[in-house]
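Reader: I am new to this structure and would like a close look at a single part of it. Please take one residue as the starting point and work outward from there.

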Amino acid sequence: MSQPLAPGGLLADPARRPSPRAKLLWALSAALSWVVPILGVGIWALFDTHRRGLQGLVLGIVLLAAVFSIVVVPLWRYAVHRWEITDEAVYTRTGWFTQESRVAPITRVQTVDTYRGPLERVLGLATVTVTTASSAGAVHISALALADARDTVAQLTAIAARHRGDAT
């Protein structure tokens, strides 16, 4: 079955979403990225007691940006991220501010890998990477439940075996 077109000739949205735990993964990743800037402002305030107004302003801006990236961005990303596998291709849509849709024909698939970082392991998630013979690079299907990732790898392996091309 091939991917249908939406109005305007664009590809329709791929059918599947990441795991609902993806929102927590992305929120925790964002929270960890804000530890150093918040600590930096705290250390600045500890050693420079003469600029409290400026420090308060900087801390307020940093906290607003942190809350946005920890709360809003994961929800937005989850609303956008989609993926689907058919007998012909792997379809993905990613991004939150800038969105990217990718189509990787099955005949171009070279390898299928699974990656699990520390947070993904704690949350029972995995990322499936489909490497193709393309200058655009690999296609990543991120934040899948571990069972879904395993099923996806098995499905891609079975479909690719039926297509016996040289993936070039």
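Is Val71 buried, exposed or partly exposed, and why?

Author: This is a predicted model. Val71 counts as partly exposed because its relative accessibility is 45%, and partly exposed covers the range between 20% and 50%. The residue belongs to helix 2, which runs over residues 52-80. Ala31 lies 40 residues away from Val71 in sequence, while the C-alpha atoms of the two are 9.4 Å apart in space.

Helix 1 spans residues 22-47, and Val35 is part of this helix. Val35 also counts as partly exposed, because its relative accessibility is 38%. Together with Leu32, Val36, Leu39, Ile43, Leu46 and Phe47, Val35 makes a nonpolar surface patch of about 770 Å².

Beyond the helices, strand 1 covers residues 82-85 and contains Glu84. Glu84 is buried and has no salt bridge. Arg16 is the nearest side chain of opposite charge, at 8.5 Å from Glu84. The side chain of Glu84 does reach the backbone nitrogen of Ala15, at a distance of 3.0 Å.

Further along the chain, strand 5 (residues 125-132) pairs with strand 6 in the antiparallel sense, over five bridges. In this pairing, His140 of strand 6 stands opposite Thr129. Six residues lie between the two strands of the hairpin, where Gly137 takes a positive phi near 95°. Strand 6, residues 139-145, is mostly covered, with five of its seven residues buried.

Notes. Residues numbered from 1 in each chain as written. Predicted model: local features only at pLDDT ≥ 70, side-chain atom pairs only at ≥ 80, totals over all residues. Heavy atoms only, no water. Patch = residues over 30% accessible without salt bridge, like charges linked within 9 Å, V, L, I, M, F, W, Y side chains within 5 Å. Areas by Shrake-Rupley, 256 points an atom, 1.4 Å probe, with all protein chains shown as cover. Salt bridge = Lys/Arg side-chain N within 4 Å of Asp/Glu carboxyl O. Helix = DSSP H or I, 4+ residues; strand = E, 2+ residues; numbered from the N terminus. Buried < 20%, exposed > 50% of the residue type's maximum accessible area, 1.4 Å probe, protein only. Lys, Arg positive; Asp, Glu negative; His and termini not counted. Polar contact = N/O pair within 3.5 Å; in protein donor to acceptor, adjacent residues only side chain to side chain. Pairing = 2+ DSSP bridges.
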